[in-house]
Every structure is written in structure tokens, then in C-alpha cells.
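Welcome! Here are some short exercises to help you find your way around a new structure, each followed by a worked solution. Have a look first, then try each task before reading on.

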Amino acid sequence: MPLQYKIDILSALKQNGYNTTKLRKEKLLSEGVIQSLREKKPISWSNIETICRLLRCQPGDILQFISDSM
């Protein structure tokens, strides 16, 4: 997959006061999205937007492009 996470998003969220219980309870991210993040699987743009809002960052701070042709 050419897009990969640069950071451990769940750890970064936890450092900013958003543990998985709070994320689910406040309906910020669903259990499915949390599981996808654990497994380093892709998530939707709307979830990336939510993460960027919570972490006060840009998508490029959490995602990187790795070319398959290298």
C-alpha cells in the first residue's frame, strides 16, 4: 500500500487525552476505525479529518507516500 502511517496514531491520540474508551464514548471514532488503526489499515478521509482536528495537525504529519516502484 503506497500510503502508510508515519506515527502510531492511537498513541498520539492517547498522549493528547483521547484514549480508545473516550474516542468510542464521545463517538469521535468507531470501534472499526480504531481496529483499522491498530492493524495499520486505511481509513476514510472523514476519519483522517477527525484525527487531524484532534491532534491539531495536517494529513502529511500522519501519512506518507511510499512508491511501490522503488
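## Exercise 1: A charged group

Glutamate 31 has a relative accessible area of 37%, so this residue is partly exposed. Keep in mind as you work that the model is predicted.

**Task.** Find the salt-bridge partners of glutamate 31, and work out which residues are linked in a network.

**Solution.**
- Step 1. Begin with a general idea: side chains of opposite charge can pair when their charged atoms come close.
- Step 2. Look at arginine 24, which forms a salt bridge with glutamate 31; their closest N and O atoms are 2.8 Å apart.
- Step 3. Now turn to arginine 38, which also forms a salt bridge with glutamate 31, here with the closest N and O atoms 3.5 Å apart.
- Step 4. Put the pairs together: Arg24, Glu31 and Arg38 are linked in a network of salt bridges.
- Step 5. Check the two arginines for exposure. Arginine 24 has 34% relative accessibility and so counts as partly exposed; arginine 38, at 41%, is partly exposed as well.

## Exercise 2: Completing the count

**Task.** How many salt bridges does the structure hold, and where do glutamate 39 and lysine 41 come in?

**Solution.**
- Step 1. The structure holds 3 salt bridges.
- Step 2. One of them joins the side chains of glutamate 39 and lysine 41, at 3.0 Å from N to O.
- Step 3. Partly exposed covers the range between under 20% and over 50%. Glutamate 39, at 40% relative accessibility, therefore counts as partly exposed, and lysine 41, at 42%, is partly exposed too.

## Exercise 3: The chain as a whole

**Task.** Describe the order of helices and strands, then decide why the radius of gyration agrees with a compact globule.

**Solution.**
- Step 1. Count the elements: the protein chain has 5 helices and 2 strands.
- Step 2. Read along the sequence, and the pattern is β-α-α-α-α-α-β.
- Step 3. A compact globule with 70 residues would have a radius of gyration near 11 Å; the protein chain has 12 Å, so the two agree.
- Step 4. For burial, 33% of the 70 residues count as buried.

## Exercise 4: Inside the core

**Task.** Which residues of the largest nonpolar core touch the most other members, and which helix gives the largest share?

**Solution.**
- Step 1. The core has 20 residues, and those touching the most other members are Leu13, Leu23, Leu29, Leu37, Ile51 and Ile62.
- Step 2. Helix 1 (9-15), helix 3 (31-38) and helix 4 (45-55) each supply at least two residues of this core.
- Step 3. Helix 4 gives the largest share, 5 residues.
- Step 4. Follow isoleucine 62: beyond its neighbours within four places in sequence, its contacts include Tyr5, Ile7, Ile48, Ile51 and Leu55.

## Exercise 5: Two polar residues

**Task.** Is asparagine 47 buried or exposed, and what separates the C-alpha atoms of glutamine 64 and leucine 3?

**Solution.**
- Step 1. Asparagine 47 is in helix 4. Buried means under 20%, so asparagine 47, at 15% relative accessibility, counts as buried.
- Step 2. A polar contact of 2.9 Å joins the side chains of asparagine 47 and serine 44.
- Step 3. Glutamine 64 lies in strand 2 (residues 63-65) and is partly exposed, with a relative accessible area of 30%.
- Step 4. Although glutamine 64 and leucine 3 are 61 residues apart along the chain, their C-alpha atoms are separated by 5.6 Å.

Terms used
Residues are numbered from 1 along each chain as its sequence is written. This is a predicted model: local features need pLDDT of at least 70, side-chain atom pairs count only at pLDDT 80 or more; totals for chains, interfaces and linings use all residues. Side-chain values use heavy atoms; hydrogens and water are left out. A nonpolar core is a set of buried Ala, Val, Leu, Ile, Met, Phe, Trp, Tyr and Cys residues joined through side-chain atoms within 4.5 Å. Buried means under 20% relative accessible area, exposed over 50%, partly exposed in between (1.4 Å probe, protein chains only). Helices (H or I, at least four residues) and strands (E, at least two) are DSSP runs, numbered from the N terminus. Contact means heavy atoms within 4.5 Å. A polar contact is a pair of N or O atoms within 3.5 Å; within protein, one must be able to donate a hydrogen and the other to accept it, and residues adjacent in sequence count only if both atoms are side-chain atoms. A salt bridge is a side-chain nitrogen of Lys or Arg within 4 Å of a carboxyl oxygen of Asp or Glu. The radius of gyration is taken over C-alpha atoms; the globule rule is 2.2 Å times the number of residues to the power 0.38.
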